[in-house]
Amino acid sequence: MDHRKVLHEQFVADNETVDKWIHSTCNLCSVGCGTDIAVKDNKIIGIGGIDEHPINKGRLDPKAKYQWIPNNSKDRLLTPMIRNDQGDLEPASWEEAMDLIVRKAKEVLKDKGGDGVAIYSTGQGFLEDYYTIGKIGRAGMETHLLDANTRLCTATTEWCLIESFGSDGVPTSFDDVDEADTIMLFGHNMAETGTVLWDRILRRKKATGKPYLIVVDPRRTPTAKEADLHLDLNPGTNLALLNAIQNKIVNNEWIDHDFINNHTIQLDELKQEINKWTIAKASQITGLSEEKITLAAEKLGKTESLVTTTLQGVYQASDATTTCLAINNIHLMRGLIGKPGCGPLHMAGQPSSSGNRTVGGVGTYPGNRNPNNPKHIQDIAALWNVKEEDLEIGPNKGIIKQLELMEKGQIQFFWNIHTNPLVSLPNQERARKALEKPFVVVQDPFLTETTEVADVVLPPAMWGEKEGTMENADRTINVLRKAIEPPNGVKTDFEILVEFARRMEFKDRDGNPLIAYSTPEEAFEEWKKVSAGRPCDMTGMTYDRLEKENGLRWPCTADNPEGKTRLYENHFFNTEVDYCQNYGKDPYTSRPLSREEFEEMNPNGRAVFKVTRFGGPTEQPRADYPFWLNTGRLIWHWHTRTKTGRMPEMEKEAPEAFVEINADDARNLAIKDGEKVRIVSPRGNVEVPAKVGNIMNKGEVFVPFHYGNFDGEANANEMTMDEVDPLSHQPVLKHASCRLEKIGK
Ligand SMILES: Nc1nc2c(c(=O)[nH]1)N[C@H]1C(S)=C(S)[C@@H](COP(=O)(O)OP(=O)(O)OC[C@H]3O[C@@H](n4cnc5c(=O)[nH]c(N)nc54)[C@H](O)[C@@H]3O)O[C@H]1N2
Ligand SMILES: Nc1nc2c(c(=O)[nH]1)N[C@H]1C(S)=C(S)[C@@H](COP(=O)(O)OP(=O)(O)OC[C@H]3O[C@@H](n4cnc5c(=O)[nH]c(N)nc54)[C@H](O)[C@@H]3O)O[C@H]1N2
Ligand SMILES: [Mo]
């Protein structure tokens, strides 16, 4: 396997002949590139980009080319494990493992009811898995404690879309990036985290000069280097910048009065807030020059078409949801939404995190339904043939809240599916202690930091070995066919969930099994009925169409069989009182608004300007901790590296953690390039080599968060903060304070 060749975007092990190519989708990142998997003798031997796939037109990300290597890894788990009395994990049969899990779940349910059990899943699985999790979670275990790593990822996307437009679902699609005159990438390092989409933008820019690119990021990232205008603002000051920009646009009358009058409400309320935001005030807070802010406001105020992307520099920052609301406001005041090349493109990160939100495995309710609207709950009860009172309806509890409930001894059964929280959660020491308390099931193909606290480990089949669908960041549903049979000893996530439901004897109101389907395709067919009439309607899709037509965007119905490139083309939003996904929350206290309050606001199909009051980061650099700590991604690695850490080609590029420091700071602290330093935050510390240069501004450092799963590695999350955004409950992973200590060599 050492010598491989790249043929255009096909990538096959050397000297191998391919028996067959199987239709699939890349499982790294939310772009959702169509891929074919090369198979020989029931082994994956390579991958190729699908030329006709509209999203990637054959292109592949560097990591994607190796994503089948971990499947063949020698250290894959091929049998369940149970922790024995000595505290060690030891191999067990599926029968023993499932039996123990079911016994424990029943015990906790009997003792604590649904408040005692939680499922923490993922944005990297299949829609059919998520739908099953939602159904057995709500109607089987009657718990409201459903969450996923999407809480760390794109919970903010969901909330900002609900607040402004009435429901989740990104208004734009990737097709719009091909038409926009201006693209603003806000806290989004697309060159490293969405390489194929980035390539699409850069090719057009090189050929036509368009789009004008604005990049907002405190670091000089590879993305920022291509920008026409790079705004390297102070960390955590996104909203200060956007408030001044909103003010400038409104006061210069660069606004679309007809659109505002006919299709929006509450601009006057917004004006009262943003009127305070002069360019000078924003300049003082953001550290950007007045000229730069003015230029940005002019560009955004005058461009005829605009796509704005947001990602972790917004979602994992303070004022996360409100910052996105400000971006929605700018699109609304300019009327730049629901038309070609226009609209906010609030990104997803993981390959199917949007899908989990859509079908309700993650604390949402299936089909963008409103937990506070009894009619919607009646709908779900009727569709599932369960009693309304048996559907657990409770306030959404994010993972940080769940940690608190573990600390208190309330959550006693915690099922962790397809995520590695003991690397990826903030404030690791707290997370570790909390996760040591309940009975923990971990479903993962490898031993990880999280399996260290597991009572039972279940080994799942991996990508390429199972069938299902995924929803990418622009509402495209792709189908992934099973390329090979999984290795002996593992089961698919879907099979495990269905088996659990059977053993738990979950029933509908007629005494029939709650989960009546047994294949992913049957689950998809059932889900389609649940989606009918809702924003995410998928009744027009079939697995066959998804394969033949290389993905379809929702909504996709009999009337509209090709799916929708963009939402709200008629400028009618999902804010009717009985259609909307939520009545929204008070932005400062996060108190849910009542139906009466929503009716009083009376949006009735119009979009809502939300007031965007700046709060700023709570933990700020100070004497003991004078630096900003920023964390994030490298092009070479995927999250906690359980996959890319097993790809020699990627490991070679970035084998260990490091800290990026500004050259002036390094000189002041007498730290040389490559020298080891200790980074200390109020919560923990790590020791890593320094990378000295000009990527960072003075007073700011950056540590990639990909390390910590393998022995002796430095985990950035020992230092990060578990404070959350009040609306989306997403943790502020991008900003904490720290100091640097020179330790030499
Ligand atoms: N190579 C690779 N690609 C990936 C992934 C991966 O692990 N590796 N993961 C996928 C997933 S799940 C996700 S969520 C996405 C994430 O994709 P991105 O959000 O693009 O990646 P990050 O590096 O987390 O953060 C983006 C930028 O936010 C900036 N930032 C920090 N603070 C601020 C601030 O206050 N304001 C602004 N405007 N910017 C700030 C950081 O400097 C950083 O460059 O990537 C997806 N793609
Ligand atoms: N400091 C800091 N922390 C962060 C971030 C940051 O920017 N900074 N970003 C956050 C974000 S946006 C994200 S998305 C998270 C990601 O964090 P995680 O979700 O914890 O990271 P992954 O490494 O993707 O974990 C996926 C796990 O699923 C396993 N797995 C692989 N395939 C399968 C399968 O088919 N079935 C099952 N059951 N398991 C499988 C893998 O081995 C791995 O252990 O990290 C978050 N944490
Ligand atoms: Mo993410």
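**Exercise 1. The surroundings of ligand 1**

Task: Starting from the contact at Gly236, describe how ligand 1 is held by polar contacts and how its shell is composed.

Solution.
Step 1. A polar backbone atom of Gly236 lies 2.8 Å from an oxygen atom of ligand 1. The structure is a predicted model, and every distance below is computed from it.

Step 2. Two further contacts extend the picture. In the side chain of Arg219, an N or O atom is 2.9 Å from an oxygen atom of ligand 1. A nitrogen atom of ligand 1 is 2.9 Å from a polar backbone atom of Leu634. The protein buries 99% of the 910 Å² that ligand 1 exposes when taken alone.

Step 3. The shell is then examined as a whole. Ligand 1 is surrounded by 33 residues, the closest being Asp217, Gly236, Gln312, Arg633 and His637. At least two shell residues come from each of helix 4 (190–193), helix 12 (312–315) and strand 23 (627–632). By class, the shell comprises 10 nonpolar, 17 polar and 6 charged residues.

**Exercise 2. The surroundings of ligand 2**

Task: Identify which residues come nearest to ligand 2, and state how much of its area the protein buries.

Solution.
Step 1. There are 33 residues around ligand 2, and Asn149, Ser424, Asp444, Thr640 and Asn717 come nearest.

Step 2. Two of the polar contacts involve oxygen atoms of the ligand. One such atom is 2.5 Å from an N or O atom in the side chain of Asp444, and a polar side-chain atom of Thr640 lies 2.6 Å from an oxygen atom of ligand 2.

Step 3. A nitrogen atom of ligand 2 is also in contact, at 2.9 Å from a polar side-chain atom of Thr631. Taken alone, ligand 2 exposes 930 Å², of which the protein buries 99%.

Step 4. The shell around ligand 2 divides into 10 nonpolar, 17 polar and 6 charged residues.

**Exercise 3. Salt bridges in different settings**

Task: For the pairs Arg76 with Glu465 and Glu107 with Lys104, determine where each partner lies in the chain and whether it is buried or partly exposed.

Solution.
Step 1. Side chains of opposite charge can pair when their charged atoms come close. A search of the whole structure returns 56 salt bridges.

Step 2. Arg76 and Glu465 form one salt bridge, at 2.7 Å from N to O. This pair connects distant parts of the chain, 389 residues apart: Arg76 lies in the loop between strand 5 (43–49) and strand 6 (81–83), and Glu465 in the loop between strand 18 (456–458) and strand 19 (468–471). Both Arg76 and Glu465 are buried.

Step 3. Glu107 and Lys104 form a salt bridge at 3.3 Å from N to O. Both residues belong to helix 1 (residues 94–112) and stand 3 residues apart, about one turn of the helix. The cut-offs for partly exposed are 20% and 50% relative accessible area. Glu107 is partly exposed because its relative accessibility is 45%, and Lys104 is partly exposed because its value is 24%.

Step 4. Two other cases complete the exercise. Lys63 and Asp61 form a salt bridge with their closest N and O atoms 3.1 Å apart, and both residues are buried. A network of salt bridges links Asp175, Asp178, Arg200, Asp474 and Arg553.

**Exercise 4. An enclosed strand and an open sheet**

Task: Establish why strand 11 (residues 212–216) counts as largely enclosed, and which strands stand at the edges of the sheet with the order 19-20-21.

Solution.
Step 1. In strand 11, 5 of the 5 residues are buried, so the strand is largely enclosed by the rest of the structure. Tyr212, Ile214 and Val216 point one way, while Leu213 and Val215 point the other.

Step 2. The partners of strand 11 are considered next. Strand 10 (residues 182–186) pairs with strand 11 in the parallel sense over 5 bridges, and Met184 has Ile214 as its bridge partner. Strand 12 (residues 229–231) also pairs with strand 11 in the parallel sense, over 3 bridges; here Ile214 stands opposite Leu229.

Step 3. The second sheet is open, with 3 strands in the order 19-20-21 and antiparallel pairing. Strand 19 and strand 21 (552–553) each have a single partner strand, so they stand at the edges and one side of each lacks a neighbour in the sheet.

Step 4. Strand 20 (residues 476–480) pairs with strand 21 over 2 antiparallel bridges, and Ile477 stands opposite Leu552.

Key. Residues numbered from 1 in each chain as written. Chains lettered and ligands numbered in written order. Predicted model: local features only at pLDDT ≥ 70, side-chain atom pairs only at ≥ 80, totals over all residues. Heavy atoms only, no water. Salt bridge = Lys/Arg side-chain N within 4 Å of Asp/Glu carboxyl O. Buried < 20%, exposed > 50% of the residue type's maximum accessible area, 1.4 Å probe, protein only. Helix = DSSP H or I, 4+ residues; strand = E, 2+ residues; numbered from the N terminus. Pairing = 2+ DSSP bridges. Near = heavy atom within 4 Å. Polar contact = N/O pair within 3.5 Å; in protein donor to acceptor, adjacent residues only side chain to side chain. Areas by Shrake-Rupley, 256 points an atom, 1.4 Å probe, with all protein chains shown as cover. Nonpolar A, V, L, I, M, F, W, Y, C, P; charged D, E, K, R; others polar.
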